[in-house]
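Work through the following exercises with the sequence and the model side by side. Each task is followed by a solution that goes step by step.

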Amino acid sequence: MMIRSIPVLFLLLLSGIISAQTPKADSLILISKTIQQDSTYVSVLNQIAEELSDKDADQSLDFAIKAQLQAIKIKDVPGLGKALNNIGWAYYRKGDYSKGFDYALRALRINDSLQLLSQLAISYRNVGAIYNSQAKYRESMDYFHKEMSIHAKLNNPLGVGRSLNNIAFCAHRAKIKDSAIIFGHAALEHNSKLGDQYLIAFSLRTLGDVYFEEGSIDRSIDYFLASLTAARAAKSNFIIETSLYRLGKAYQRKKQWKVSITYLQEAVAVSKILGAKSEQATIQKLLAFSYAQIGDYKKAYESQAIHVALNDTLFEERSRARFAQMQVAFETEKKQAEINLLKKEDEAQKEKIKDQRLYTFLLLVVVALVMALWLVSWRRNQFKQLANKQLRLQKAALEQASFQKDKIFSILSHDLRMPISSLSGVLQLIDKQSLSEDAFTKIKHALGKQITSLNTTLDNLLLWSRNQMEGVTDVQASECSLYEMVENNSHLLTSAANQKKIVIHNDVSITAKAYADVHHVDIILRNLLLNALKFTEEGGSITVQYREDEHMAILDIIDNGIGMTKEQIGKLFKVNTHFTTTGTKNEKGAGLGLLLCKEFVEANHGTLSVKSEPGNGSQFSVTLPKSKYV
């Protein structure tokens, strides 16, 4: 265990903050002013941007943009790929993930087309980091593994060390504790052998995160302090700042508020140098809490005000929406590339077949002459049967399509149009000069509920519509922790449950496992819990229980709500008779949640059943395989 030391004066702490520039950056800047503006000039600008990337995001961005413009001017495509990587990373450090993702993808395309492996690895790292920031951990870890495989191929131990750090951090964010600890210690051992202080600091900070999450606060403080020491040696403002505010959080857990404030104040100062506005907002919120605990409400208010100013909600929403659009575009581009590859393979196959056509034609002529008389009578009868069969299939398909169209239009005209119309009317009333603060708060609360309902309805509608057109495809089954998934979804629905004073009990064993697609199970649990909340009276309770037999894991979602009749139960999972009703607090819904649950359960080789009586609540039982051998 290393000895923890607590700084006494904030001014002494500030003396440890690393200057935005380094001697290496200064010397490179001087060189850039004396050389010809060719590809070497672009390379020097990119080196400056890389050197400043973890010290001053704004300055790093400025030099990367200069490199980009010059590379375009002189048609230096490799230099452009490197510049785009640096721009994407700078925007990531600044917390602008949509722009970061945009530039990272542009860099990835260039570096992949040129097979510039060292820069392609950085592109994979950038995309993985941004996916990680958006909680898309599976995609993030895929890109970090791609990054590591390239570094291993290039025999680049520093790159491998950074990849190990990224994978460990991503596993921690995804709450895969075992993997986080294994990769974290592997990264620390690897990077310690290399002696790279930046990578060592990253490894120590990740292990501190893991132990903080499990409640080992003193142990986490040891790792954060060690990370801070290594980061100062590496002159990495990014790791310095993130280690400092983690120490502030850890000392909050120990209720040592003044020590917490000391670390958080220094973290604010470093974040301003780094230009990380999103992290400044997080630190100011932590500061406000610590100030409030020692009774300094003036400073608490000031910190909270800074947090609110930095944390621009509208910007965050626009950023997330743009990120989602770019992600869809990227996935579409990947699919198109796969289609083009298939087309090329198809054309090659056609060329092969073309050489065989003459022989095939001659053979068919001989066979046709032999069977001509028999085919005349057979085809008459066969054509008639085939035509009748096609007509029946087309009629059934048209009826199904007509029902799906009516269902979708019904949802659009009633469940979506009416709430949106209501929202439009409410928005016209929001005039702060004519509304009291209480009225404004109530309207804001009502808007939040309606938007949440609309969001859930749209998610279910899009999933259901896609399933009707394509079926449930791409089932990626793996072993998943049922306890963690129930816990995560219960936490997501805490606000909705609190509004109706409903308690959600997670009685699932912590060792309970199932073998199914994690995303499908997540959608199933969320919809069943939402359904239970919708039809449970205020003050009620919902319990999730686990049981098993030899091959199957069974989750029971039990509520003490209003229940259902046998007639209503009979309509639940039939597309042509499905219905929807309002909840106990007039909650809206499109009636698609349970249909989605049934489709996803069956796609994972499971079953969904229900027991209910009017006035005695309902029990929905989800049965899933315990292993892939079932």
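**Exercise 1. Determine which residues ring pairs link into a cluster with Y131 and Y143, and characterise the stacked pairs.**

Solution. In this predicted model, ring pairs link F101, Y124, Y131 and Y143 into a cluster, where rings of Phe, Tyr and Trp (its six-membered ring) pair if their centres lie within 6.5 Å, and planes under 30 degrees apart count as stacked, over 60 as edge-to-face and the rest as tilted. A pair of aromatic rings is described by the distance of the centres and the angle of the planes.

Step 1. A search of the whole structure finds 10 aromatic pairs. One of them joins Y91 and Y103, with 5.8 Å from centre to centre and 20° between the planes, and is stacked. This pair links distant parts of the chain, Y91 being in helix α5 and Y103 in helix α6, 12 residues apart; helices (H or I, at least four residues) and strands (E, at least two) are DSSP runs, numbered from the N terminus.

Step 2. Y91 counts as buried because its relative accessibility is 11%, and Y103 counts as buried at 17%; buried means under 20% relative accessible area, exposed over 50%, and partly exposed in between (1.4 Å probe, protein chains only).

Step 3. The rings of Y131 and Y143 have centres 5.8 Å apart and planes at 25°, so this pair is stacked. Since Y131 lies in helix α7 (residues 117-133) and Y143 in helix α8 (residues 137-153), the pair ties together parts that are 12 residues apart in sequence. Y131 is buried with a relative accessible area of 0%, and Y143 counts as buried at 7% relative accessibility.

The conventions are these: residues are numbered from 1 along each chain as its sequence is written, and side-chain values use heavy atoms, with hydrogens and water left out. As the model is predicted, local features need pLDDT of at least 70 and side-chain atom pairs count only at pLDDT 80 or more, while totals for chains, interfaces and linings use all residues.

**Exercise 2. Compare the span of α7 with the expected value, then do the same for α4.**

Solution. Step 1. The expected span of a helix is 1.5 Å times one less than its number of residues. For the 17 residues of α7 this gives 24 Å, and the end C-alpha atoms are 24 Å apart, which agrees. Helix α7 is mostly covered, with 13 of its 17 residues buried, and is followed by A135, whose phi is positive, near 65°.

Step 2. For the 18 residues of helix α4 (residues 57-74) the expected span is 26 Å, and the end C-alpha atoms, 26 Å apart, agree with it. Its buried residues are A57, S60, L61, F63, A64, A67, Q68, Q70 and A71, and these pack against α2 (23-32), α3 (39-52), α5 (77-94), α6 (97-114) and α14 (257-274).

Step 3. At the start of α4, a side-chain oxygen of D56 reaches to within 3.1 Å of the backbone nitrogen of D58. Just after the helix, K75 takes a positive phi of about 60°.

**Exercise 3. Establish which strands pair with β5, and how they run.**

Solution. Step 1. Two strands pair if DSSP finds at least two bridges between them. Seven bridges join strand β4 (residues 541-548) to β5, and the two run antiparallel; a hairpin joins them through three residues. The bridge partner of Q545 in β5 is D556.

Step 2. Eight bridges join β5 to strand β7 (residues 618-625), again antiparallel, and L555 stands opposite V622 in β7.

Step 3. Strand β5 (residues 552-559) is mostly covered, seven of its eight residues being buried.

**Exercise 4. Contrast the surroundings of S227 and E613: which residues does each contact?**

Solution. Step 1. S227 belongs to helix α12 (residues 217-234) and counts as buried at 0% relative accessibility. Leaving aside neighbours within four places in sequence, S227 is in contact (heavy atoms within 4.5 Å) with A201, L204, R205, I239 and S243.

Step 2. E613 lies in the loop between β6 (607-612) and β7, and is partly exposed, with a relative accessible area of 48%. Not counting residues up to four places away in sequence, E613 touches I562, G563 and M564. E613 and I562 are 51 residues apart in sequence, and their C-alpha atoms are 8.2 Å apart in space.

Notes
Polar contact = N/O pair within 3.5 Å; in protein donor to acceptor, adjacent residues only side chain to side chain.
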